[in-house]
Amino acid sequence: MMTELDFKTLSELLFPNVTKAPEDMELEYPARVLPEGAKVTRFAPSPTGFVHFGGLFPSTIGERLAHQSGGVFYLRIEDTDAKREVEGAAEGLIKTLAHYGIRFDEGAVIGKDGKIADQGIYGPYRQSQRGPIYHVYAKKLVAEGRAYPVFTTKEELEALNAVDKKTEIKERDWHEDDARQIEKQRAEREITLDEVKAHLAAGDPFVLRLLADGDPEKKIRFTDLIKGNLEIPENDEDFVLLKSDGIPTYHFAHAVDDHLMGTTHVIRGEEWLPSLAKHIMLFRYLGFKLPKYMHIAQIMRLDEVGNKKKLSKRDMGANMDDYSRMGYAPASVCEYVMTLLNSNYEEWHAQNPELPYTDFPFNIKKMSNSGCLFDFQKLNDVSKNVLSRMSAEEVYDQCLEWANAFDPDFGKLLAADPDYAKAIFAIGRGGKKPRKDLATWCDAKPYMGFFYDELFNIEDAYPENFAKADIEKALSLFLDTYDSADDMTVWFDKIKAVAEQLGYASDMKAYKADPAAYPGSVADVSMFLRVAVTGKLNSPDMYAVMQVLGEDRVKARLNRMIETLKNA
RNA sequence: GGCCCCUUAGUCAAACGGUUAAGACGUCGCCCUCUCACGGCGAAGAUAUGGGUUCGAUUCCCGUAGGGGUCACCA
């Protein structure tokens, strides 16, 4: 057994270069001066890939809570695992978050040279650059007998890194394994100063483990801001604080960083709940005040069998960058997220249609404690509403931006005549009951392509129950009287006149009362025109379409169809 | 397997012990209508299950089942 003096000696042996004490750190990172009730939150991703849809939840919540309360929202990069780090991922994360309107007050930012830089006085904001800070606290824990080293040889370490942990956990024999772990932990705790000296002299790497004093039979009562009152077993696992490369694990970095950076609310996924006891223990050992925690439920998807599964990286809809490619406007995604976060959001929005979502009083208590299924249908509905509220100008700008990135040919068409494109987007827009044709920018081309001669073609055939001669005659008659200067009433009266000349019903009520009395109706005449002019059986209002197309295009298309019918 | 979390229609969800158990998306029907979209009206559809506590339970407690998460020198 080591004495108190031995602990002190051990701490010097392990961390000879650490000269600072925790008190020094407190001076370097003073408590934040903020108004009463201000929340300090952070988003702390590891740079291992793209922003995940699930990642948008904690970041949105953190942003809302901080900015709604006059607090601070910062970005910390948790790059403690060099093996998994992906080149350029941090930059990508920052850009994607910015795209969705997630704005940070401090933390890691993209500097002028395009590389990650720090902004704020609580940095560095990349954990890989905070090594010396963690070591100060590691040394303290060792000196107090609350942490101890476990040495391995380099060969053993390589063997350890070679095993596939995920598979190992799945195929584990829990009974045997648990017993073995306890025994191993007990033995490792008994290391002597002489052994430590020998290992250090041999240059053996070590990990630092916490000496856990918890009893899993005892429960900790804990209140999570989302999950409510929880009872979790105390921690008795001597978990790793510092890895053999001297870099901390998540647990240790979380405690040190969130303390020094003054985080008041930790927002993270519920997959962290099982390690909460470790964190509570660490904060206690380190003498830190425990922040408030919000463990949010995971976003789920359905697997092949119909069971819910955590939405994971490979799933459709997981990568936020996919939403850009699919043509979703950032505002659509943000509003969808808000509806999932606080289900009264839609109601609020209906009452405050003019206000941006950032004015919505976000409420922690309204958050669901069970995981929801990702629903594209709902997203599309939200998105249709969002896009239908935009001005033709906005729609044009965003659609053009999307097209330039993902459909350059279409982008060129849009850019060639902005006024024309905006006139198309303006059809059925702006009133109390706007059209909702677009859920994504991908929908734009199929919806409006016929306005462009380059994309126009006859997609739908005329129904076979109409005589080709009737159709041809209708088109010709209309062509004879068509004048793009006509107002809508005159225009429609002319169509009615065509119907009458064909012997078709010009009054829909009369036609519906006795459909058998007529070979067709004015609706059919409109349909004849519609197919000739738009190539489709369905389109927005024909008058508006013709007005935007212009007289030349309309006449050319009518003539073309007449020719086609003659030759058929 | 241990531990933890979760459970109201197909989906997201209201209902601080007393309601004919809201609303939205989706589905279906009708209306409006030159088609489509929009809009309006309507329909079907839920408290997982078994016990308690209570005058009364979706709501509180216990069990069961189902689902999810976690048990790394990953976060």
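This passage describes the overall form of chain A, its surface near RNA strand B, the helix H25 and the surroundings of proline 434. The model is predicted, so local features are taken only at pLDDT of at least 70 and side-chain atom pairs only at pLDDT 80 or more, while totals for chains, interfaces and linings use all residues. Residues are numbered from 1 along each chain as its sequence is written, and chains are lettered from A and ligands numbered from 1 in the order in which they are written.

Chain A holds 25 helices and 13 strands, where helices (H or I, at least four residues) and strands (E, at least two) are DSSP runs numbered from the N terminus. Its radius of gyration is 33 Å, well over the 24 Å that the globule rule gives for 568 residues, so chain A is more spread out than a compact globule. That radius is taken over C-alpha atoms, and the rule is 2.2 Å times the number of residues to the power 0.38. Along the principal axes, the C-alpha atoms fill a box of roughly 110 × 50 × 45 Å. Buried residues account for 32% of the 568; a residue is buried if 20 or more other C-beta atoms lie within 10 Å of its own, exposed if 12 or fewer, and partly exposed in between, with C-beta atoms placed from the backbone.

Turning to the RNA, 66 residues surround strand B, and Glu78, Ser244, Ser368, Ser370 and Lys433 come nearest. Here a residue is near if its C-beta atom, placed from the backbone, lies within 6 Å of the strand. Elements giving two or more residues to this surface include helix H6 (154–162), helix H15 (376–389), H23 and H24. Strand E8 provides the largest share, five residues.

Helix H25 (residues 551–567) has 17 residues, and at 1.5 Å a residue it should span 24 Å, which agrees with the 24 Å between its end C-alpha atoms; the expected span is 1.5 Å times one less than the number of residues. Val554, Arg557, Leu558 and Met561 are buried in H25. Seen down the helix axis, the buried residues fall within an arc of 100°, so they line one face; the arc is that of the directions from the axis to the C-beta atoms. They pack against helices H20 (468–481), H23 (522–534) and H24 (542–549). The face turned away carries the exposed residues Asp552, Glu563, Lys566 and Asn567.

Finally, proline 434 sits in the loop between H18 (418–426) and H19 (444–448). Leaving aside neighbours within four places in sequence, proline 434 is in contact (C-beta atoms, placed from the backbone, within 7 Å) with Ser388, Gly428 and Arg429.

Note on methods:
Contact = placed C-beta atoms within 7 Å. Nonpolar A, V, L, I, M, F, W, Y, C, P; charged D, E, K, R; others polar.
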